[in-house]
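Got your viewer open? Grab the mouse and let's take a walk through this protein, one selection at a time.

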Amino acid sequence: MTTDRPADERVTRAWSRIVEWLAAYAPPSYAALRPGASDDEIAALETTLGASVPEELKALWRLTAGEDGVAGAGLMMGTWALMPINAVIEVHRRHMRFQEESGEYDDDLALWKPSWIPFCSYSPDDTTYGLYLNGETGEVYRWSRFNERPREYRSLPAYLELMAVSLEAPFTAAGPEKPGMMGGALVWGPPAHEERGERWVRHLGQAPPPYPAKTLGSIREALPGDERAEFDGRRDALDLADPEAVAAFRDHWWERAARAQEKLEDDVAAALRGNVLVNPGRDLSPEHEATLPPAIRHRPPSRDDIHAALRHESVRTRFNRDFMDAVPPHWPALLLRWWDIARLMADPRGDRAVRAVINGRRTSG
């Protein structure tokens, strides 16, 4: 579990996982995300609202200050849209006006409070109901035109962590909404509308494409060692205040990283000579299956089975850290990923071949 981390750090980690998933699986939804807000913009928002924005919500807005939606639909779990800053102001003002007109200031009967900060709505263009963060308690509630205020989530970090887990391990997705695709965009469903339902395809956790996410960290990690110095130099010289320059830089280097990733996949496959099939869900050839330790010949694997099968202490340490950092619903997907790694490392030929390819690539140049 990760609940011992500060709330804003948990938001940053969870949102980064969500954005990388969107970049890999749902490019139209990824493209719909707006740039983050500056500290000055958030401070101006607080002045306009007459209320402080909780640190966890500031952390989210610094990364992404709303979305434009795709075909009128939002990408947030529960079929919500992440509201742009101007919509946050408009909704907050509207509800405070209703509160003033009601003349009711008892806490239990209040229609709205200054510390209630909306952040999700039904769609980018429909703000008649949505989600708000209670700045006093840190809990997430739902609002509607009928003055309903049910509690939905324990906190904003919990909401985003659950969304990340539901995307990464869709078979364990909690609640009635499941991640799916419509025209390449992320749509939580199944949609109630019959026509939309016919076009909606549930996401079942297919193996990700062999490309890095469109984040600078992921792109750099996917580059060969002899290209990283050039990447670092050009990144450091980049004018971060120019969004067009940043986008052009990111797209250019993503293309180079994608080509490098494809070559790495080919080099690894050639080094393994077909002896080990490491794609998730694949089976080994019968003659090679017999060489594996009995503990990892079955599905599903247990944590102890995988830990025992990993051949190197440094790899075991990484596995233990990943397991401790994971949210419980994410454990099945994590175990399956590490089970594939354990199967690969159980074969000395495969272990040596992959290490030679990867180590040579990282130290080149």
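Start with a surface view of the whole thing: the protein exposes about 18500 Å², and carbon and sulfur atoms supply 52% of it. Keep in mind that you're looking at a predicted model. Now switch to cartoon, where you can hunt for 15 helices and eight strands. Of the 365 residues, 46% count as buried. The chain also brings far-off parts of its sequence together: among contacts between residues at least 6 apart in sequence, 58% join residues at least 24 apart.

**Stop 1: a pocket**

Rolling a probe the size of a water molecule over the atoms shows where empty space is left. Select Y30, P35, L63, V246 and R250, which lie nearest the centre of the second largest pocket, out of 21 residues that line it. Which elements give two or more residues to this lining? They are α1 (7-25), α2 (27-32) and α10 (243-272), so colour those if you like. The pocket holds about 840 Å³ of space. As for the character of its lining, 13 residues are nonpolar, four are polar and four are charged.

**Stop 2: aromatic rings**

Next, show the side chains of Phe, Tyr and Trp. The structure holds 13 aromatic pairs. A pair of aromatic rings is described by the distance of the centres and the angle of the planes.

Select W80 and Y129. Why is this pair called edge-to-face? The ring centres are 6.0 Å apart and the planes sit at 85 degrees, so the pair is edge-to-face; the cut-off for that label is over 60 degrees. Trace the chain from one partner to the other: W80 is in the loop between α4 (55-63) and β1 (81-82), while Y129 is in strand β3 (residues 126-134), 49 residues apart. Is W80 buried or exposed? With a relative accessible area of 9%, W80 is buried. Y129, at 29%, counts as partly exposed.

Now pick F231 and F249. Their ring centres are 5.4 Å apart with planes at 35 degrees, so this pair is tilted. F231 lies in helix α9 (residues 225-236) and F249 in helix α10, so the pair ties together parts 18 residues apart in sequence. Both F231 and F249 are buried.

One more ring stop: select W112, W116, Y132, Y141 and W143 together, and you have one aromatic cluster.

**Stop 3: back to the loop**

Return to the loop between α4 and β1, and click on G66, which has its place there. At 0% relative accessibility, G66 counts as buried. What does G66 touch, leaving out residues up to four places away in sequence? The answer is L33, R34, L82, M83 and P84. Try the distance tool on G66 and L82: they are 16 residues apart in sequence, but 4.8 Å apart in space, C-alpha to C-alpha.

Stay in this loop and select T79, which is also found between α4 and β1. T79 is partly exposed, with a relative accessible area of 35%.

**Stop 4: backbone oddities**

Most residues other than glycine have a negative phi, and most peptide bonds are trans. Keep T79 selected: its phi is positive, about 60 degrees, although T79 is not a glycine. For the last click, go to G189 and P190, which are joined by a cis peptide bond with omega of about 5 degrees. You'll find P190 in the loop between β7 (185-189) and α7 (194-199).

Conventions:
Residues are numbered from 1 along each chain as its sequence is written. This is a predicted model: local features need pLDDT of at least 70, side-chain atom pairs count only at pLDDT 80 or more; totals for chains, interfaces and linings use all residues. Side-chain values use heavy atoms; hydrogens and water are left out. On a 1 Å grid over the protein atoms alone, a cavity is a set of points where a 1.4 Å probe fits but cannot get out, and a pocket is an open set with protein on both sides within 12 Å along at least five of seven lines; lining residues have an atom within 4 Å of a point. Grid points are joined across faces, edges and corners, and a volume is the space filled by probe spheres set on the points. Helices (H or I, at least four residues) and strands (E, at least two) are DSSP runs, numbered from the N terminus. Ala, Val, Leu, Ile, Met, Phe, Trp, Tyr, Cys and Pro count as nonpolar, Asp, Glu, Lys and Arg as charged, and the others, Gly among them, as polar. Buried means under 20% relative accessible area, exposed over 50%, partly exposed in between (1.4 Å probe, protein chains only). Contact means heavy atoms within 4.5 Å. Accessible areas come from the Shrake-Rupley method with a 1.4 Å probe; for residues, only the protein chains shown count as cover. Rings of Phe, Tyr and Trp (its six-membered ring) pair if their centres lie within 6.5 Å; planes under 30 degrees apart count as stacked, over 60 as edge-to-face and the rest as tilted.
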